[in-house]
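This report looks at side-chain contacts between charged groups and between rings. The sequence and the structure come next.

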Amino acid sequence: MRVQYHYYPFPSLAYGCSYCYAYATTKLKPTHSLSLTLSNHRRISASQPHSSTFSIITNLFFFQNPNFITGNTLFLRMQRFCSVSGLSKNKALVERLQRYGVITSSKVAEVMETVDRALFVPDGAAPYDDSPMAIGYNATISAPHMHAMCLQLLEENLQPGMHALDVGSGTGYLTACFALMVGPQGRAVGVEHIPELVSFSIENIQKSAAAAQLKDGSLSVHAGDGRQGWPEFAPYDAIHVGAAAPEIPQPLIDQLKPGGRMVIPVGNIFQDLKVVDKNSDGSISVRTETSVRYVPLTSREAQLRGY
């Protein structure tokens, strides 16, 4: 087997290895060698790896719980080996993501600095860890690097005055980011099928930089089945889906504006983050951005049962 990873360095908590963020492709071949490509283009042969690299690589393949890295780029981070828990401020988290090339857009950096992640995670959580976190009801808030990736993929469709839909809006973090990007002249809509999370997200947004837009109505969060979208404010220039669908829901395609873009994880055990662009003639183009692992996009009842 031959596996190629692209790494960027974050401080490690274990074994002294700093190259513990895998971010790219896997290639299976009938060999047993491993090669690592680091962000500084220095290659490390792992056919006889040092113990820390070997531990990380072997652990990447042996998840007993398939939801262990829910909301992460697949194989991107392992909490056992890598954490940003030492970052005490939201700004420091964003700067770290910029430093290692996760955030390349100045607009996305500005918005993520403005919307404090600490307001959108449960009490007692470590808000500035680059990690997905449980928010109750078998749901999660995605890791900051995934929020950054999705915001950058949608940036051109989150211009002032545009309409954006956040399906599975959870605690409201990304919906608040959308609101700041489209501005009060636009419309940011969150849809979440757990009513308690809708209430929680509204409370969170009221404490955030997006509070004024919640008050003036250009930002709203609704209880409903996100698989059906939210037709009231369609068509949307941007749609983000925060859970993995077995296939792209047709109502979301229908509610996407010509020229619009949707970012959605698709798959069951193996999932890919799909970028869906609607062309001017109404046809769609779909490409794969990266492999991911999200909780499933399902009914409220199935989610509460644990899928």
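With which residue does lysine 91 form a salt bridge? The partner is glutamate 95, and the closest N and O atoms are 3.3 Å apart. The model is predicted, and side-chain atom pairs count only at pLDDT 80 or more.

**Salt bridges**

The count of salt bridges comes to seven. Side chains of opposite charge can pair when their charged atoms come close. Three of the salt bridges are listed here with their distances between the closest N and O atoms or from N to O.

| Basic residue | Acidic residue | N to O distance |
|---|---|---|
| Lysine 91 | Glutamate 95 | 3.3 Å |
| Lysine 257 | Aspartate 237 | 3.6 Å |
| Arginine 287 | Glutamate 289 | 2.6 Å |

Lysine 91 and glutamate 95 both belong to helix H2 (residues 90–99), and because they are four residues apart there, about one helical turn separates them. Lysine 91 is partly exposed, with a relative accessible area of 45%. Glutamate 95 is also partly exposed, at 31%. The pair belongs to a network of salt bridges that links Lys91, Glu95 and Glu113.

The salt bridge of lysine 257 with aspartate 237 joins two strands. Lysine 257 lies in strand E11 (residues 256–267) and aspartate 237 in strand E10 (residues 236–241), so the contact ties together parts that are 20 residues apart in sequence. Is aspartate 237 buried or exposed? Aspartate 237 is buried, with a relative accessible area of 10%, whereas lysine 257 is partly exposed at 34%.

In the salt bridge between arginine 287 and glutamate 289, arginine 287 has a relative accessible area of 37% and is partly exposed. Glutamate 289 counts as partly exposed too, at 30% relative accessibility.

**Rings**

The model has one aromatic pair. A pair of aromatic rings is described by the distance of the centres and the angle of the planes. For phenylalanine 120 and tyrosine 173 the ring centres are 5.6 Å apart and the planes stand at 80°, so the pair is edge-to-face; the cut-off for that class is over 60 degrees. Phenylalanine 120 lies in the loop between helix H3 (106–114) and strand E5 (133–136), and tyrosine 173 in helix H5 (residues 173–182), so the pair ties together parts 53 residues apart in sequence. Both phenylalanine 120 and tyrosine 173 are buried.

A charged side chain also meets a ring: arginine 187 lies over the face of phenylalanine 233, at 3.8 Å from the ring centre.

Methods: Residues numbered from 1 in each chain as written. Predicted model: local features only at pLDDT ≥ 70, side-chain atom pairs only at ≥ 80, totals over all residues. Heavy atoms only, no water. Phe/Tyr/Trp six-rings, centres within 6.5 Å; stacked < 30°, edge-to-face > 60°. Helix = DSSP H or I, 4+ residues; strand = E, 2+ residues; numbered from the N terminus. Buried < 20%, exposed > 50% of the residue type's maximum accessible area, 1.4 Å probe, protein only. Lys NZ or Arg CZ within 6 Å of the ring centre and 35° of its normal. Salt bridge = Lys/Arg side-chain N within 4 Å of Asp/Glu carboxyl O.
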